[in-house]
Amino acid sequence: MNARGDELAANLAAVRARIDAACAAAGRPPDDVALIAVTKTFPASDVALLAELGVREIGENRDAEAAPKAAELAAAGVDVHWHFIGQLQRNKARSVVAYADLVHSVDRVPLVRALAEAAHRYRRRPLDVLIQVGLSAEPGRGGVAPAELPELVDAVLGADALRLRGLMAVAPLGADPDPAFAALAEHAARLRDRVPEATIISAGMTGDLEQAIHHGATHVRVGSGLLGRRARVG
């Protein structure tokens, strides 16, 4: 392990300690919460180092970066699970279904159709997806309006090539995340009543993972807390 590996190991230990403490405070076992390392703008070599450290759930936001990174790591024999967590355009569906194990950001019916068609044609098994719920009116944050959630659930359930695994959300910027995560937990409970296997709640990032875990998050998406400050991208 090189100096970068040592840095990542130290960061990982700190993040895992936070997750363990948050789980303890919520009365949940530590292994109840999966850590997704968000590696956007960081090189494939960092993903390989994280894999050596036991982190195999990897999140990416942009297909233009994720697709070649996934291909490079696959060629090197590095076995990780790819989570696509960014806003997704329909014309990227074919590319994303080729490497993604779980797409977190399904937020409209046309995207459901594009992913289902691509998954049917280019995958041997259904693609796991989460529906992103919009918890604020901020532009560019993505997510379906809660009132439209039942229609989107119907669309995913009607697509044989997709498998609905749960919900995802991003807390509003500059606001207390607790009310947003509490609302997400309520939406998730209603979804589980209808789709018992849809147990994933993807919520919480470096700054608010404790609040997300308190409200039942099963997956937290951590970038800067693990990898450090990222370079700006255009």
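A145 is partly exposed, at 36% relative accessibility. This is a predicted model, and A145 makes a handy way in. The residue sits in the loop between strand 5 and helix 6. Take A37 as a second point. A145 and A37 are 108 residues apart along the chain. Their C-alpha atoms are separated by 27 Å.

Now step back to the whole chain. Nine helices and eight strands make up its secondary structure. The radius of gyration is 17 Å, close to the 17 Å that the globule rule gives for 234 residues, so the chain is as compact as a globular protein of that length. Along the principal axes, the C-alpha trace spans about 50 × 40 × 35 Å. Of the 234 residues, 48% count as buried. Consider next the contacts with a separation of 6 or more. Residues 24 or more positions apart account for 63% of them.

The surface and the charges come next. The accessible surface of the chain is about 11,000 Å². Carbon and sulfur atoms hold 51% of that area. There are 27 positive and 29 negative side chains. The centres of these two sets lie 5 Å apart.

Start the tour of the helices with helix 1, residues 3–26. Its 24 residues reach 35 Å from the first C-alpha to the last, close to the 34 Å expected at 1.5 Å a residue. The buried residues here are G5, L8, L12, V15, I19, A22 and C23. A general point helps in reading such a list. An α-helix has 3.6 residues a turn, so residues three or four places apart point the same way. The buried residues of helix 1 pack against strand 1, helix 2, helix 8, strand 8 (219–222) and helix 9 (224–227).

Helix 2 offers a single residue worth a look. D46 lies in this helix. Is D46 buried or exposed? At 4% relative accessibility, D46 counts as buried, because the cut-off for that class is under 20%. Leaving out residues up to four places away in sequence, D46 touches R4, L8 and L227. One of these, L8, is also among the buried residues of helix 1.

Just before helix 2 comes a loop that starts after strand 1 (34–38). T41 is found in this loop, with helix 2 spanning 44–52. Its phi is near 75°, a positive value in a residue other than glycine. T41 is partly exposed, with a relative accessible area of 25%. T41 and M205 are 164 residues apart in sequence, yet 17 Å apart in space, C-alpha to C-alpha.

Helix 5 covers residues 109–122. How far should its 14 residues span at 1.5 Å a residue? The expected value is 20 Å, and the end C-alpha atoms are 20 Å apart, which agrees. In this helix V109, L111, V112, A114, L115, A116, A118 and A119 are buried. Their cover includes helix 4 (93–97), strand 4 (102–106), strand 5 (127–132), helix 6 and strand 6.

A116 shows this at the level of one residue. A116 is buried, with a relative accessible area of 14%. Not counting residues up to four places away in sequence, A116 touches A159, A161 and L162. G134 makes a useful contrast in sequence and space. A116 and G134 are 18 residues apart in sequence and 22 Å apart in space, C-alpha to C-alpha.

Helix 7, residues 177–194, closes the tour. Its 18 residues should span 26 Å at 1.5 Å a residue, and the end C-alpha atoms are 26 Å apart, which agrees. The buried residues of helix 7 are P177, A180, F181, L184, A185, H187, A188 and L191. What covers them includes helix 6 (149–157), strand 6 (162–168), strand 7 (200–202) and helix 8 (209–214). Helix 6 and strand 6 also belong to the cover of the buried residues of helix 5. Helix 8, in turn, is among the elements that pack against the buried residues of helix 1.

How values were computed
Residues numbered from 1 in each chain as written. Predicted model: local features only at pLDDT ≥ 70, side-chain atom pairs only at ≥ 80, totals over all residues. Heavy atoms only, no water. Helix = DSSP H or I, 4+ residues; strand = E, 2+ residues; numbered from the N terminus. Rg over C-alpha atoms; globule rule 2.2 N^0.38 Å. Buried < 20%, exposed > 50% of the residue type's maximum accessible area, 1.4 Å probe, protein only. Contact = heavy atoms within 4.5 Å. Areas by Shrake-Rupley, 256 points an atom, 1.4 Å probe, with all protein chains shown as cover. Lys, Arg positive; Asp, Glu negative; His and termini not counted. Charge placed at Lys NZ, Arg CZ, Asp CG, Glu CD. Expected span 1.5 Å × (residues − 1).
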